[in-house]
Amino acid sequence: MRNGMVEKQQNAAGRRKYTAASEQYARESRVPPRIHVYGVGNVGKLIAHSLRADNHPPPVTLLFHRPRLLNQWNHSDKTITLESDGHRVSRTGFDVDLAIPPRRSHATRLDSHDQEPLDASDQEPIDNLIVTAKAPFTASALDAVKHRLRPESTICLLQNGMGIIDHLNRDVFPDPVTRPNYIQGVVTHGLNSPHPNDPFFAVHAAHGTIALAAMPRGDLKDNPSASVPFAPTSRYLLRTLTASPVLAAVGFPPLEFMLLQLEKLAINAVINPLTVMLDAPNGSILYNFAITRTMRLLLAEISLVIRSLPELRGLPNVQDRFSPERLETLLVSIANKTGQNISSMLADVRAGRKTEARYINGYIVRKGEELGMQLPCNYMMMQLVEGKTNMIQRENLDQVPVAQPDLNAHHT
Ligand SMILES: CC(C)(CO)C(=O)C(=O)O
């Protein structure tokens, strides 16, 4: 009888342990459980879909950056659908809101936020925000919701590249006292959106992981082994994301997380711009000695900068982990595994979109300059990628629709 009771109590405790983070944590710490997701690209769809998978899902608001997307949503069945191993699962229950980025020129906002609010929700505070917009668009995305963020809020940034937080602190949240908290993430899930006319559908092609870290409010350089006392909203977001089995998200201390970011950055700084130059899938950089030589020139610079970073000084294994030889082995294995894929940078260039080159090769160049080094190969790659993007953007602008001659027409 007693044992039965103990067992019941243990079961109840066990069940309590596995309730949703929104139930378990938000309630007890008074963090409002609503999560806003900015950006419904591939990663945004994966995150929003996974958040609504739980038995007690948190309320989720999708923030659209364009009225056209909101319109498409309102005319759809209001679901996000993910296909994985041939099975499609649709999830519902999302709230939606518009957050249109103000225009910026040379890092300055052109139009201020004194326009009429769209509705009352445009003024409601945002406590938990996940941003999946790409690095070059993150500052303007945050400009759109800046007035709703408070020092207690947490922004979780999920995108490729490094140096984004420095950029945000300089241009969007210059006051260290009032700026929100940050979580950063490295996503290795592979997704694609094969139907451009259905922006709320994606294929989860390769199951990966998400590494997450709550960033200390100061500079990591000044406080490298900072054990961060998490803001309640950061703890809530970390708990909610790591509770999702599909996301396979894991939390790391800031310094270990930085090593993971640098490893991904080193790979992206070579595969991405080279595939842009070759206009070919990732596998095209393999088994071609001229390309291998170029790859090695880039890796020599990348390895030198990473191994000289003051933040990493004295850490065990950094010299081996970031040696040019180890990075090359890693790079070749990733290019092999993703051989048929088009890199995200090539996809952006082909579509005439701004790329992340400034946050990938550009980050290496900036860090090198801080250390008194010149890195011409990475600088050149960044310029070439930007040059090619400009070229494609101009081609798209110049495209005048011309009536095609009807080759089947019969002249009598
Ligand atoms: C496939 C890979 C690893 C190539 O760098 C990638 O992450 C990307 O396309 O951005």
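Is H189 buried or exposed in this predicted model?

**View 1. Surroundings of H189, a residue in the loop between β10 and β11 (190-192).** With a relative accessibility of 9%, H189 falls under the 20% limit and therefore counts as buried. Leaving out residues up to four places away in sequence, H189 touches L46, H204, A206, H207, G208, T209, I210, V246 and L247. One of these neighbours, H204, makes a polar contact of 3.0 Å, side chain to side chain, with H189, while the backbone nitrogen of another, G208, lies 3.0 Å from a polar atom of the H189 side chain. By contrast, L149 stands 40 residues from H189 along the chain, and the C-alpha atoms of H189 and L149 are separated by 28 Å.

**View 2. Helix α14, residues 376-398.** The helix has 23 residues, and because each residue should add 1.5 Å, a span of 33 Å is expected; the C-alpha atoms at its ends are 32 Å apart, which agrees with that expectation. The residues of α14 that are buried are N378, M381, M382, V385, K388, T389 and I392. In an α-helix there are 3.6 residues to a turn, so residues three or four places apart point the same way. The buried residues of α14 pack against four helices, namely α8 (254-278), α9 (289-308), α12 (344-350) and α13 (357-370).

**View 3. N378, a residue within helix α14.** What is the relative accessibility of N378? The value is 0%, which means that N378 counts as buried. The side chains of N378 and E301 are joined by a polar contact of 2.8 Å. When neighbours within four places in sequence are set aside, the residues in contact with N378 are A269, L298, E301, I302, N361, I364 and V365.

**View 4. The interface of domain 1 and domain 2.** The domain assignment divides the protein chain into domain 1, made of two stretches (22-105 + 119-252), and domain 2 (258-394), and the C-alpha centres of the two domains lie 26 Å apart. Contacts link 18 residues of domain 1 with 19 residues of domain 2, and between them the domains bury about 1800 Å², with 63% of this area on carbon and sulfur atoms. Six residue pairs are in polar contact between domain 1 and domain 2, and one salt bridge is found across the interface. On the side of domain 1 that touches domain 2, the elements giving two or more residues are α5 (135-145), α6 (164-171) and β10 (181-187).

Conventions. Residues are numbered from 1 along each chain as its sequence is written. This is a predicted model: local features need pLDDT of at least 70, side-chain atom pairs count only at pLDDT 80 or more; totals for chains, interfaces and linings use all residues. Side-chain values use heavy atoms; hydrogens and water are left out. The expected span of a helix is 1.5 Å times one less than its number of residues. Buried means under 20% relative accessible area, exposed over 50%, partly exposed in between (1.4 Å probe, protein chains only). Contact means heavy atoms within 4.5 Å. Domain bounds come from an automatic or database domain assignment. Buried area is the accessible area (1.4 Å probe) that two parts lose on being put together, summed over both. A salt bridge is a side-chain nitrogen of Lys or Arg within 4 Å of a carboxyl oxygen of Asp or Glu. A polar contact is a pair of N or O atoms within 3.5 Å; within protein, one must be able to donate a hydrogen and the other to accept it, and residues adjacent in sequence count only if both atoms are side-chain atoms.
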